[in-house]
Structures are given as structure tokens and as C-alpha cells.
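Hi everyone, thanks for making time this morning. Let me put the structure up on the screen, and then we can walk through it together.

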Amino acid sequence: MISKLKNDCDVLIIGAGPAGSTAATILSGEKGKKVIVLEKGHFPRYHVGESLIPHCYDTLERIGMVDRLNGAGFQSKQSVQFVNPDGELSAPFYFSKHTDHPRAKTWQVDRATFDTMMMERAREAGAEVREGIKVLDFLEEEGVIVGVTAEDESGKVFEVRASMTMDATGRDALFQRKKKWRKRDPKLNKIAIWTNYKGAKRDPGVDEGATTVAYVQGKGWFWNIPLKDDIVSTGIVAERDYLYRDGRDLHAIYQREIKENKWVEEHLSEGEQIGEYWVTGEYSYRAENCATDGLLLIGDAFAFLDPVFSSGVYLALTTGSLGADAVADALEANDVSAERFLGYGERVCKGIEWMRKLVYAFYDENFSFKDVAMKYAEVRRDLTDCLIGDLIDKDYGQLFDRVSEFAELPEDLPHGKTVAGSAIT
Ligand SMILES: Cc1cc2nc3c(=O)[nH]c(=O)nc-3n(C[C@H](O)[C@H](O)[C@H](O)COP(=O)(O)OP(=O)(O)OC[C@H]3O[C@@H](n4cnc5c(N)ncnc54)[C@H](O)[C@@H]3O)c2cc1C
């Protein structure tokens with residue numbers, strides 16, 4: 001049975017991850033809108049994606065999270081370092097050498113805590129966040145999304161109606177899947193296997209919180225993300241056939257692969273593996289469109305990019321923030337037609353494309369950051385800006401002209417910056 005609640009809010013947000021909570025905080029706290037967030041889980045809950053990048057700071061500051069994060073005891077992250085297939089560490093890249101802005105110190109967050117803090121911030125800003133509510137489908141009237149049907153944990157199904165709906169369901173990407181809008185990246189289709197270690201070797205001093213990317217010769221790479229409480233998040237990203245060549249036992253695969261890089265082996269052997277192994281495929285994708293009448297996609301529910309440069313939470317925060325602005329403007333104008341979100345789609349896709357080019361370069365065996373920086377000193381600053389997530393409204397044309405000498409770069413994808421609505425011909 002479907003029972004009906006009345007038009008309940010200005011904005012309905014599905015999912016209370018970083019994208020949804022950011023949008024909820026801005027729309028209710030800053031823009032004065034009535035916001036309901038429906039989250040299927042109960043927080044705190046595990047989530048991968050612990051390493052933030054410096055430009056996360058901008059949105060976190062906007063929503064009043066910086067002091068809270070500084071006080072939460074998260075591992076401070078001040079650098080990124082790369083380890084070659086022989087296990088040799090190159091000189092770490094310290095953010096403070098690039099900028100003296102406070103964003104030079106970012107955080108390695110355990111997502112259970114971080115996401116809970118973000119959700120609580122949205123509540124404090126005035127959003128009504130309901131946990132344990134799973135959205136099942138979208139309500140569509142004359143081509144306009146006017147809310148959702150959802151189910152609580154007792155199995156009761158009900159409707160929630162809103163002037164605008166935002167899909168922030170992460171990689172579940174509810175709307176994208178229902179409409180078959182998902183477009184996989186033509187090349188970036190790896191899988192990842194990951195787990196946690198306790199008591200693994202940590203580098204001393206300022207390097208303690210570095211994210212380490214360690215290559216496996218011609219095959220892929222490991223991440224090593226030190227978290228608080230002596231925990232390390234560690235994972236490998238590579239082709240499916242390579243990782244599954246001897247079967248699908250995740251523990252066996254992981255223990256085999258650790259031996260492929262001496263730095264990884266040396267660091268993890270001091271610790272003990274804890275908890276589960278996780279695996280995911282369908283690595284990089286973007287929705288065909290970013291919006292339709294009455295609905296906007298944000299975070300992973302819109303696009304996901306291979307996480308080698310830890311861009312996921314940054315993109316979730318950024319699309320949450322830009323999306324909230326676009327939605328507030330639409331509500332003020334009393335016009336929620338899809339065309340209003342074309343600017344959002346353009347800006348976000350352009351930003352993602354810069355990072356996507358960098359990801360393609362990373363996977364090209366002829367590319368190294370050092371070679372580009374040595375040959376073309378004039379693009380060093382841009383290279384770093386791009387890596388630390390200064391992606392929106394920037395032009396990195398000159399940088400990628402130079403990078404294209406060393407790596408095959410992709411054309412911009414045509415989709416995502418487009419919208420699909422009843423008024424679109
Ligand atoms: C292997 C791997 C490693 C990664 N490493 C990093 C990293 O180091 N740094 C980084 O920045 N990013 C990383 N990411 C990416 C990062 O995890 C995501 O980009 C980020 O979590 C996206 O935030 P979000 O709010 O869009 O989605 P999510 O954080 O996934 O939140 C979505 C929320 O929606 C809820 N939901 C889903 N469906 C429904 C429904 N039907 N009804 C109600 N609620 C629903 C979910 O329960 C969830 O809480 C990584 C990703 C992967 C796969």
C-alpha cells in the first residue's frame with residue numbers, strides 16, 4: 001500500500017553522504033529552504049574514500065566544518081608520495097611548498113566519523129535527516145520529478161513530495177540506473193580490492209599522514225592511507241583479469257599482490273590485517289545528463305572518477321555546494337526546469353575533465369610528473385593546482401598541451417553537461 005504525505009519540503013535529498021549533507025547544510029542553513037534528507041543506512045557506517053585533498057577545504061569552510069575537523073583527531077595529511085615498482089620512494093610532495101593557505105593541511109578521515117559529522121551538521125543547519133529510509137523510486141508528473149516513494153524499516157511505503165529532488169545516492173546512483181543514464185568511461189575500467197591494517201609501519205614526522213601511491217609494474221597501484229588509531233587503509237587498483245588470474249579469494253589475492261611492491265610489503269608486514277576485504281568494479285562513469293525537470297544529480301550519483309588522485313570527496317563536496325546554489329536559484333525563480341542546470345553541468349564536467357586527463361596520464365607508461373615539470377617549468381604551478389583539486393572555472397589548456405607530449409590524453413566526454421527535460425527538444 002502506498003500512503004501519501006503532503007508536499008513536504010522545498011528540497012528532497014536522497015543520501016546523506018558528503019554530497020547530500022553538503023547540499024542539505026547549504027540549502028537549509030544558508031538559503032533558508034525546507035529540506036528533507038532520506039538516508040537508507042544508519043550512521044556511523046563504514047565507507048571507503050578516506051583521503052581528502054587540499055581544495056576540499058573551500059566547501060568545508062563554507063559549511064562550518066573546518067574547526068570541527070581540526071578538533072576531531074583525524075590524521076593530518078600534508079603530502080602525497082609515489083613509490084616506484086621497485087619499492088623506491090620519490091621525494092614527497094608537500095602541499096605547504098605550494099601554498100601557505102590553511103588548506104595545505106588536509107585530513108585523512110575515517111568515513112564513519114566524517115560522514116556522521118557531516119550529517120549532524122546538516123541537521124544542525126535545519127535539515128530533517130531521516131535514517132533507515134530507502135528511496136525506491138521517483139514520482140514523475142508530466143515529465144517533472146516531484147518527489148519519491150520510499151520505504152521505512154517496517155516495510156511501510158510512502159511518498160515524499162518536493163519542489164526539487166537531488167539524487168546523492170553515491171555509486172548506487174539511483175536515477176542514473178533507473179533511466180539507464182550510466183556511461184562508463186571508455187578506458188578507466190579497473191577494479192579495486194581493499195582492506196585495513198592495524199599497527200603497520202608509519203613514516204615519521206610530517207610524513208606520517210602522507211597518502212602513498214605505490215606502483216605495481218605495468219599492472220596497477222596500491223594506496224596507503226594512514227588513519228587515526230594506528231589504522232591504515234590499503235587497497236590495490238588494477239585490471240580485473242590480472243587480479244583474478246588465480247581465483248577470486250580476496251585475502252589470497254591481496255596477500256599475493258603485497259609482495260609485488262617492497263615498500264608496501266615492508267610497511268604492511270609490521271601490522272595485522274583487520275576486518276573485511278572489499279571489492280568494487282564499474283570504476284569510472286558519468287551520467288548521460290546532470291539533470292531533468294525537478295531533479296539534479298550530485299556526487300557519485302552523477303559521476304565517479306578513478307580515485308588515484310583522491311578526487312571523490314572533493315567532487316562530492318563541490319557538486320553538493322554548486323548544486324545547492326543552482327537549486328536555490330531555481331526555487332527563487334520558481335522554475336525547476338532542467339535547462340536551469342546547464343551551467344552547473346558545464347562547470348562540473350569541465351572540472352572533472354581536467355582531473356580525468358591527469359588520471360589518463362597517470363596510467364600512461366610514458367608519463368611522469370617529474371619529466372613534465374623538468375621540461376616545462378611554466379606549467380609546474382598548474383600541475384600542482386590541478387592535483388590539489390583547484391578544478392572549477394580554471395583553464396589548464398596550456399598544462400595539458402604540454403602533458404600531451406608525454407601521454408595520450410582523452411577528448412572531453414560529450415555527456416553530463418547536458419540535461420533532459422520535458423521542455424528540451
Ligand atoms: C575504491 C575506492 C577508493 C576511494 N578512495 C577515495 C579517496 O581516497 N579519497 C576520496 O576523496 N574519494 C575516494 N573515493 C571516492 C569516494 O568514496 C566517493 O567519491 C564519495 O564517497 C562520494 O560521496 P557521495 O556523497 O556522492 O556518495 P556516498 O558517500 O556513497 O553517499 C551516498 C549515500 O546515499 C545513501 N543511499 C544510497 N542509495 C539510497 C537510497 N535508495 N535511499 C536512501 N539512501 C541511499 C547511501 O547509504 C550513502 O550513505 C574512493 C572510491 C572507491 C570506490
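Let's begin at helix α4, residues 111–124, in what is, please keep in mind, a predicted model. The helix has 14 residues, and from its first C-alpha to its last it reaches 19 Å, close to the 20 Å expected at 1.5 Å a residue. Now look at which residues of α4 are buried: R111, F114, D115, M118, M119, R121 and A122. Why do they end up on the same side of α4? Because they cover an arc of only 155° around the axis. And what covers them? The cover over the buried residues of α4 includes α1, β2 and β7, the last being residues 128–131. If you follow the chain just past α4, you meet G126, which takes a positive phi of about 120°.

Two of those covering elements, α1 and β2, come back when we turn to the ligand. There are 38 residues around the ligand, and the closest are G17, G49, G170, G299 and G312. Which elements give two or more residues to that shell? They are α1 (18–30), β2 (35–39), β8 (134–141), β12 (191–198) and α9 (312–332). The most comes from α9, with 4 residues. If you prefer to think by class, the shell has 17 nonpolar residues, 14 polar ones and 7 charged ones.

Now for some strands. Strand β13, residues 211–216, pairs with strand β4, residues 79–83, in the parallel sense over 4 bridges. One pair to click on is F82, whose bridge partner in β13 is V213. β13 also runs antiparallel to β14, residues 220–226, and 5 bridges join the two. Here T212 stands opposite N224 in β14. The hairpin of β13 and β14 has 3 residues between the strands, and in this hairpin G218 takes a positive phi near 65°.

My last stop is an open sheet of 3 strands, in the order β11-β17-β20, with antiparallel pairing. Its edge strands are β11 (182–184) and β20 (303–304), each of which pairs on one side only. Between β11 and β17, the latter being residues 285–287, there are 3 bridges in the antiparallel sense. To find your way in, look for R184, which stands opposite Y285 in β17.

That's my tour, and I'm happy to rotate the view to anything you'd like to see again. Thanks, everyone!

Terms used: Residues numbered from 1 in each chain as written. Predicted model: local features only at pLDDT ≥ 70, side-chain atom pairs only at ≥ 80, totals over all residues. Near = placed C-beta within 6 Å. Nonpolar A, V, L, I, M, F, W, Y, C, P; charged D, E, K, R; others polar. Pairing = 2+ DSSP bridges. Expected span 1.5 Å × (residues − 1). Buried ≥ 20, exposed ≤ 12 C-beta atoms within 10 Å, placed from the backbone. Arc of directions from axis to C-beta. Contact = placed C-beta atoms within 7 Å.
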